[in-house]
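Hi everyone, thanks for making time this morning. I'd like to walk you through some helix packing and then some cavities, so let's bring the structure up.

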Amino acid sequence: MSGWQDERMEAPRIGALGYALAALRGLALVVLTYGCLLVFLALRLVERPIFGLHRPWTPWITQFVCRNALRIMGFGYARRGKPMQGQGAIVANHAGWIDIFALNAADRIYFVSKDDVAGWPGIGILARATGTMFIARKGTEAKRQQEMMEERLRAGHRLLFFPEGTSTDTRHVLPFKTPLFQAFFTHGMDRVLQIQPVTAVYHAPRGRDPRFYGWWADMSFGGHLLQVLATPRQGRIEIIFHPPVPVDGFPGRKELAAYCETVIRTAHPYANRPPLEG
């Protein structure tokens, strides 16, 4: 395995203007996010008893928040390709916490996340409210989680998960893990579901480390968030939706996972380049 996971990125020094900018952006994000959360929760009081697992209204609020959060932070943003219609799931490469905004801005989706995220201050409540599915990394939980995923998919939720299992420096795509793909091959799900690979590409601000938006190893969330908010001119994010494929076009989870990894890796402009020098 390459040693990039052990390499550290030197954080740029933040000046007085950077802290001021971070404070203004941070305040705007809090007002946007938690102001809309109140509207979201009020709407769920009506939506849930009428529609149950189906959420015809509230995902629009989540998408609105994420699109405007990217504007507040100053990102350039582009979506290529079209989100699929109908039942299915999405798989994407994972750079870090910015993926939440970048992918939600592109489509009305529900994340599949590690269960420890549910306990994160501030973020956990947002994740639970917006319908994130939490999974535990325990073999004893596998069957229950598979049933839960199946239920959500049958309800029409487009679940998005990161088969790499961890975030990266934005310059690499890790080998895809296959267990979660098994849920697509049970109880006839393979005959009705499609899977759509999505490539997330991050272009760092001019003059910054090309890995600037990556969040890996022991980097702290707070420190990385501060660096991003304090950056006067952000870089760009590209979200590339590839054509969806029917699950029953593959003999099993390993073949489906390998196909998705190949599509995402091939479309990533940095993943197949030589390692950075330095």
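Which residues in H1 meet which residues in H2? Before I go through them, please keep in mind that this is a predicted model. On the H1 side we have Arg-25, Ala-28, Leu-29, Leu-32, Thr-33, Cys-36, Val-39, Phe-40, Leu-43, Arg-44 and Glu-47. Across from them, H2 brings Thr-58, Pro-59, Ile-61, Thr-62, Phe-64, Val-65, Asn-68, Ala-69, Ile-72 and Met-73. By class, that contact has 14 nonpolar, four polar and three charged residues.

Now for the geometry of this pair. The axes of H1 and H2 lie 9 Å apart, and the packing angle is about 175°. An angle over 145 degrees counts as roughly antiparallel, so H1 is roughly antiparallel to H2.

Let's stay with H1, which covers residues 16–51, and turn to helix H6, residues 221–229. Their axes come within 8 Å and cross at roughly 105°. H1 and H6 are therefore roughly perpendicular to each other. Here H1 uses Tyr-19, Leu-21, Ala-22, Arg-25, Gly-26 and Leu-29, while H6 offers Leu-226, Val-228 and Leu-229. Sorted by class, the residues of this contact are seven nonpolar, one polar and one charged. If Arg-25 and Leu-29 sound familiar, they are also among the H1 residues that meet H2.

Next, the other neighbour of H2 that I want to show you. How do H2 and H3 cross, and at what angle? The axes of H2 and helix H3, residues 98–106, come within 8 Å, with a crossing angle of roughly 125°. That makes H2 and H3 oblique to each other, and the crossing is left-handed. From H2, the contact takes in Thr-62, Gln-63, Cys-66, Arg-67, Ala-69, Leu-70 and Met-73. From H3, the partners are Ile-100, Phe-101, Ala-102, Asn-104, Ala-105 and Ala-106. The class count for H2 with H3 is nine nonpolar, three polar and one charged.

On to the cavities, then. How many of 30 Å³ or more turn up in the whole structure? The search finds two.

The largest holds about 50 Å³ of space. Its lining consists of Phe-40, Arg-55, Thr-58, Pro-59, Thr-62, Asn-104, Arg-108, Ile-109, Tyr-110 and Thr-130. Helix H2, residues 58–73, supplies the largest share of that lining, with three residues. You'll recognise Phe-40, Thr-58, Pro-59 and Thr-62 from the contact of H1 with H2, and Asn-104 from the H3 side of its contact with H2. By class, the lining has four nonpolar, four polar and two charged residues.

The second largest cavity has a volume of about 30 Å³. Around it sit Asn-93, His-94, Ala-95, Glu-164, Thr-168, Thr-170, His-172, Ala-200, Tyr-202 and His-268. That lining has three nonpolar, six polar and one charged residues.

That's my tour, and I'm happy to take questions.

Terms used: Residues numbered from 1 in each chain as written. Predicted model: local features only at pLDDT ≥ 70, side-chain atom pairs only at ≥ 80, totals over all residues. Heavy atoms only, no water. 1 Å grid on protein atoms, 1.4 Å probe; cavity = no way out; pocket = protein on both sides within 12 Å on 5 of 7 lines; lining within 4 Å. Points joined across faces, edges and corners; volume = space filled by probe spheres on them. Helix = DSSP H or I, 4+ residues; strand = E, 2+ residues; numbered from the N terminus. Nonpolar A, V, L, I, M, F, W, Y, C, P; charged D, E, K, R; others polar. Axes fitted to C-alpha atoms, helices over the stretch in contact; angles between N-to-C directions. Parallel < 35°, antiparallel > 145°, perpendicular 65-115°, else oblique. Contact = heavy atoms within 4.5 Å. Left-handed = near helix turned anticlockwise from the far one by under 90°.
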